[in-house]
Amino acid sequence: APNAPGNLSPNGGVIAFEVNDFLLTWAHNPVDSSGQTSAEYRFRAQGTSTWNTGNVTTDQLVEVSTALFTPGTVYEWQVRTRGAYQPSAEAGFSPWSAVATFSLMNTPGASISNPDNDSTVNVSRMTVTWTYFQSQGRAQVGSEVQLVQDPDSDVPITRESRTVSGAKTSLLLNTALADQTTYMVRVRVRSG
């Protein structure tokens, strides 16, 4: 029988819940140089006793749906494989791999509070402010603010793009705004 599989991925990572599907991957570890003929994987919420089990054939990966998981929960998973030795019998399985972990989180979002949408700004240098949200309560660790001139034209011009570290939710732009000119402000955020 093979040795326990290794190189499990993800292991310790966070997956965006909105991706719908993601991959569990591993490396078959044969004793006799034979390829993987089948595999069994299992996962459970950390701290629980009931495993959910699935099967695959020669692939050393499986695509799983995020719908099987609850955002904000840490999951652990394992895999075991079979090679040429008793390829359809229980005795042909390797030992279960070491436990790997992952969690799913919702993607964070931001809402611009200044300037108001479709408003007229009467300043030459504007402070952009936004509110941050993330469903599991993870803090903002960074953001990016962009100022785009003539956003409805065929070739909009990015006048300024700045990265902000930490939980800061406002930024004074360096760009002097031109009179009678249309701009668009964009903000994107990153959670911890």
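Strands are DSSP runs (E) of at least two residues, numbered from the N terminus. Ser65, the subject of the first view, is found in strand 6 under this scheme. The model shown in each view is predicted.

**Figure 1. Close-up of Ser65 in strand 6.** With a relative accessibility of 26%, Ser65 counts as partly exposed, because this value falls between the 20% limit for buried and the 50% limit for exposed. Ser65 and Met126 are 61 residues apart along the chain. The C-alpha atoms of Ser65 and Met126 are separated by 43 Å.

**Figure 2. Confidence along the chain, from strand 1 to strand 2.** The mean pLDDT of the chain is 95. A value of 70 or more is reached by 100% of the residues. Strand 1 (residues 3-9) has the highest confidence in the chain, at a mean of 98. Confidence is lowest in strand 2 (residues 13-16), where the mean is 92. Where pLDDT is low, the predicted coordinates should not be read in detail.

**Figure 3. The edge-to-face ring pair of Phe69 and Phe102.** A pair of aromatic rings is described by the distance of the centres and the angle of the planes. Ring centres within 6.5 Å define a pair, and by this rule the count comes to seven aromatic pairs. For Phe69 and Phe102, the centres are 5.4 Å apart and the planes stand at 75°, so the pair is edge-to-face; the cut-off for that class is over 60 degrees. Phe69 belongs to the loop between strand 6 (61-65) and strand 7 (74-82), whereas Phe102 belongs to strand 8 (residues 100-105), so the pair ties together parts that are 33 residues apart in sequence. Both Phe69 and Phe102 are buried. Ring pairs also link Phe69 and Phe102 with Phe22, Phe43 and Tyr75 into a cluster.

**Figure 4. Arg42 over the faces of Trp51 and Trp96.** Arg42 lies over the face of Trp51, at a distance of 4.2 Å from the ring centre. Arg42 also lies over the face of Trp96, here at 3.9 Å from the ring centre.

**Figure 5. The largest pocket and its lining.** Rolling a probe the size of a water molecule over the atoms shows where empty space is left. The largest pocket has a volume of about 650 Å³. Its lining consists of 24 residues, and those closest to the pocket centre are Ser119, Val121, Thr181, Thr182 and Tyr183. Strand 14 (residues 183-191) supplies the largest share of this lining, with three residues. By class, 12 lining residues are nonpolar, eight are polar and four are charged.

**Figure 6. Val128 in strand 10 and its neighbour in space, Leu171.** Val128 is placed in strand 10 (residues 127-133). The relative accessibility of Val128 is 0%, so Val128 counts as buried. Between Val128 and Leu171 there are 5.3 Å in space, C-alpha to C-alpha, although the two residues are 43 residues apart in sequence.

**Figure 7. Thr120 in the loop between strand 9 and strand 10.** Thr120 has a relative accessibility of 67% and therefore counts as exposed. Along the chain, Thr120 and Met184 are 64 residues apart. The C-alpha atoms of Thr120 and Met184 are separated by 12 Å.

**Figure 8. Cis peptide bonds before Pro10 and Pro115.** The peptide bond from Ser9 to Pro10 is cis, with omega near 5°. Pro10 has its place in the loop between strand 1 and strand 2. The bond from Asn114 to Pro115 is also cis, with omega near 10°. Pro115 is found in the loop between strand 9 (109-114) and strand 10.

**Figure 9. Positive phi at Asn7 and Gln86.** Asn7 is not a glycine, yet it has a positive phi of about 55°. Asn7 is found in strand 1. With a relative accessible area of 66%, Asn7 is exposed. Gln86, likewise not a glycine, has a positive phi of about 40°. The place of Gln86 is in the loop between strand 7 and strand 8. Its relative accessible area of 34% makes Gln86 partly exposed.

Conventions
Residues are numbered from 1 along each chain as its sequence is written. This is a predicted model: local features need pLDDT of at least 70, side-chain atom pairs count only at pLDDT 80 or more; totals for chains, interfaces and linings use all residues. Side-chain values use heavy atoms; hydrogens and water are left out. Rings of Phe, Tyr and Trp (its six-membered ring) pair if their centres lie within 6.5 Å; planes under 30 degrees apart count as stacked, over 60 as edge-to-face and the rest as tilted. Helices (H or I, at least four residues) and strands (E, at least two) are DSSP runs, numbered from the N terminus. Buried means under 20% relative accessible area, exposed over 50%, partly exposed in between (1.4 Å probe, protein chains only). A charge sits over a ring if NZ of Lys or CZ of Arg is within 6 Å of the ring centre and within 35 degrees of the ring normal. On a 1 Å grid over the protein atoms alone, a cavity is a set of points where a 1.4 Å probe fits but cannot get out, and a pocket is an open set with protein on both sides within 12 Å along at least five of seven lines; lining residues have an atom within 4 Å of a point. Grid points are joined across faces, edges and corners, and a volume is the space filled by probe spheres set on the points. Ala, Val, Leu, Ile, Met, Phe, Trp, Tyr, Cys and Pro count as nonpolar, Asp, Glu, Lys and Arg as charged, and the others, Gly among them, as polar. pLDDT is the predictor's confidence in each residue, from 0 to 100.
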